[in-house]
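Subject: Structure handover

Hello,

Here is the structure I said I would pass on. Please open it next to this message and read the two together.

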Amino acid sequence: MKKLLFVLCLGIFFLGGCGQTTTNTQNLPVLDASSQEKLIESLKVVSASVPADKKLKFDGCAAFYEQFQIPSQEAFEDLAPQLNGKNYKEALAFFEEDMGGMVDGFKQYLAELSIVGIPTLATDNKELNKIVITNLKYNKDTHAKEMDIENKTDKTISALQIMARETFEPQPNVKMAMFLVDFPPLAPGKKAHVSEVEEIAPVQEMLATKITANMPAVAIQAFDKDKNLVLNNDDLMNTIERIGTMRSNIEKVEEVLQL
């Protein structure tokens with residue numbers, strides 16, 4: 001009789017336990033993606049149901065989507081059907097997969113920009129191509145930058161932002177450097193040998209590791225004697241800024257995924 005009672009109690013315990021687990025899962029709050037505002041509100045509600053060991057990652061993912069994805073109408077329209085009705089477990093699984101895909105996509109795009117986009121944009125400006133830079137040298141001991149500059153533009157220039165690459169052909173893993181050089185005013189149609197000591201320590205270190213003798217170089221910005229910008233490669237500079245933003249976003253996503 002005692003044995004029968006023990007078995008009966010065990011059965012009740014397991015039945016009760018299973019029923020409780022199912023009820024807990026069913027009763028978890030879910031996301032409402034019927035609008036951008038409601039999705040943001042429901043992320044906070046769902047966050048309150050997340051266990052302590054997963055809360056940091058969930059909140060990190062939610063913060064990323066609130067800042068970078070949900071405010072965009074286009075991104076929200078894509079996200080809404082995928083998030084609507086999900087509890088924290090389902091939402092977190094989606095976030096991890098989606099953010100992992102973002103990182104892979106960003107990295108592939110950055111590689112394409114580096115291999116093809118940057119060298120193409122750097123050499124595709126008709127006006128800046130009229131500034132011819134040759135015989136580039138960098139002395140690692142004296143930190144002197146030297147080069148010959150020919151100004152074929154119709155503007156007097158006195159400073160350049162320069163990009164140097166081992167090659168401007170589309171190739172991976174190419175050393176590249178960007179730096180400024182100042183020199184006396186160089187009138188249209190004139191040539192000059194320019195020499196300047198680089199004073200900024202991080203730039204000195206960068207040039208020492210990336211500049212090789214006679215590396216091909218192009219002007220990407222030109223300034224007059226008052227340091228006013230007179231020629232600019234807007235497409236290239238915007239792309240460089242976009243690359244910086246994308247790299248920052250990759251770091252943010254990877255930090256969240258590692259929580």
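The notes below cover the pockets and then the aromatic rings.

Please keep in mind that this is a predicted model.

Pockets

The largest pocket has a volume of about 360 Å³. Its lining is made up of 18 residues, and those nearest the centre of the pocket are Ser114, Ile118, Met176, Ile243 and Arg247. To find the pocket on screen, look for helices α5 (88–122) and α7 (234–257) together with strands β3 (157–165) and β4 (176–186); these are the elements that give two or more residues to the lining. Sorted by class, the lining of this pocket has 10 nonpolar, four polar and four charged residues.

The second largest pocket holds about 190 Å³ of space. It is lined by 14 residues, with Lys145, Leu180, Val181, Asp182 and Glu198 closest to its centre. Two elements, β4 and β5 (191–197), each give two or more residues to this lining. Strand β4 contributes the most, namely four residues. In this second lining there are eight nonpolar and six charged residues, and no polar ones.

Strand β4 is therefore worth colouring, because by the rule of two or more residues it is listed for the largest pocket and also for the second largest, with strands taken as DSSP runs.

Aromatic rings

The count of aromatic pairs comes to five. One of them joins Phe58 and Phe95, whose ring centres are 6.0 Å apart and whose planes meet at 55°, which makes the pair tilted. This pair connects distant parts of the chain: Phe58 belongs to helix α3 (residues 52–68) and Phe95 to helix α5, with their positions 37 residues apart.

Are these two rings buried or exposed? Phe58 counts as buried because its relative accessibility is 0%, and Phe95 is buried as well, at 1%. The cut-off for buried is under 20%.

Another tilted pair is Phe64 with Phe68, at 5.0 Å centre to centre and 40° between the planes. Both of these residues sit in helix α3, four residues apart, or about one turn of the helix. Phe64 has a relative accessible area of 6%, so it is buried. Phe68, at 29%, is partly exposed.

Finally, ring pairs link Phe58, Phe64, Tyr65, Phe68, Phe94 and Phe95 into a cluster.

Regards

Definitions and conventions. Residues are numbered from 1 along each chain as its sequence is written. This is a predicted model: local features need pLDDT of at least 70, side-chain atom pairs count only at pLDDT 80 or more; totals for chains, interfaces and linings use all residues. Side-chain values use heavy atoms; hydrogens and water are left out. On a 1 Å grid over the protein atoms alone, a cavity is a set of points where a 1.4 Å probe fits but cannot get out, and a pocket is an open set with protein on both sides within 12 Å along at least five of seven lines; lining residues have an atom within 4 Å of a point. Grid points are joined across faces, edges and corners, and a volume is the space filled by probe spheres set on the points. Ala, Val, Leu, Ile, Met, Phe, Trp, Tyr, Cys and Pro count as nonpolar, Asp, Glu, Lys and Arg as charged, and the others, Gly among them, as polar. Rings of Phe, Tyr and Trp (its six-membered ring) pair if their centres lie within 6.5 Å; planes under 30 degrees apart count as stacked, over 60 as edge-to-face and the rest as tilted. Buried means under 20% relative accessible area, exposed over 50%, partly exposed in between (1.4 Å probe, protein chains only).
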